[in-house]
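Got your viewer open? Here's a short walk through this one, stop by stop.

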Amino acid sequence: MIQSMTGFGKATLQLATKKITVEVKSLNSKGLDLNVRMPSVYREMELGLRNQISQSLERGKVDFSLYIEVTGEETSTKVNAPIVKAYISQMRAILPTADETELMKMAVRMPDALKTERDEIDENEWKQILTVINEALTNINTFRNDEGASLEKEFQLRIANIRSFMNQALLLDPERIENIKNKLQTAIDELKVNVDENRFEQELIYYLEKLDITEEKVRLTNHLDYFLETLSGSEANGRKLGFITQEMGREINTMGSKSNHAGMQKLVVQMKDELEKIKEQVLNVL
């Protein structure tokens, strides 16, 4: 079963004093293009987190966001009490009759009156955050699987269409061959020259062999079957499917160049249109 590179996953967790939210978004990319946004206090965990995300998602342009919303009475900014008291004492010496409240207001505005303490990572809290991260990664992979199932149905439809157009083109082949023979015979007749019938037959056979599309039909059929086989395999991947579509395109183009028949050329154009739709969607396959 194939998996899409497009997806979205989200998970949340409410702790005693904060709410944890994890969001993961991904789009198609040739490799893994990972962007991680998280609070600076958890930066030392980023390397291990990147490894975890890369193993889970493998490919895609991935945006990972970890949000921390403080919901309780918790703050890393503290009043620097000794400094504030020192400021008040100095200002009281200058203004003995000043109101205590006004002195306090002025003191807390002075340099170093507030201090920010660097949070340390709580190991137990990080374990809880990891469960949220795993849940978000599970959700995005579920999303990718669902998208992959939709893509698989789309591919099966397009492959069936190409096969149908190819078979319709083959039904026109006898008419095409007869038209070519008639054109050549008419051209010979218009020249009004004597032609060795045996030599003419040999040249005609040689010419028709060069325009024969049997080999292209066999190879294209094999490529269509291989695409579906790869699609349903346990290790189906976008790169491999992309290579197969390139081979399919070569055979369809060759059939078009050999056709020399309006009806067949129209069917070849329809095959190309279906193939282009496949190529566009293959870019989204993991």
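We'll start with the whole chain, then go to a helix pair and the cores.

This is a predicted model, where local features need pLDDT of at least 70, side-chain atom pairs count only at pLDDT 80 or more, and totals for chains, interfaces and linings use all residues. Numbering runs from 1 along each chain as its sequence is written, and side-chain values use heavy atoms, with hydrogens and water left out.

Colour by secondary structure: you get 9 helices and 6 strands (DSSP runs: H or I of at least four residues for helices, E of at least two for strands, numbered from the N terminus). Of the 286 residues, 36% are buried (under 20% relative accessible area, 1.4 Å probe, protein chains only).

Next, select 238-259 and 262-282. These are α8 and α9, packed at about 165° with axes 10 Å apart (lines fitted to C-alpha atoms over the stretch in contact, angles from 0 to 180 degrees between N-to-C directions). So α8 is roughly antiparallel to α9 (over 145 degrees). Show side chains here: among the residues that meet are Leu 241, Met 248 and Ile 252 from α8, and Val 268, Met 271 and Leu 275 from α9.

Now centre on Met 271. Beyond neighbours within four places in sequence, Met 271 is in contact (heavy atoms within 4.5 Å) with Ile 162, Phe 165, Met 166, Leu 220, Ile 252 and Met 255.

Last stop: the largest nonpolar core (buried Ala, Val, Leu, Ile, Met, Phe, Trp, Tyr and Cys joined through side-chain atoms within 4.5 Å). Among its 26 residues, Phe 155, Ile 162, Leu 220, Phe 227, Met 248 and Met 271 touch the most other members. Apart from it sits another core of 24 residues, including Val 22, Ile 53, Leu 57 and Ala 136.

How values were computed. Parallel < 35°, antiparallel > 145°, perpendicular 65-115°, else oblique. Buried < 20%, exposed > 50% of the residue type's maximum accessible area, 1.4 Å probe, protein only.
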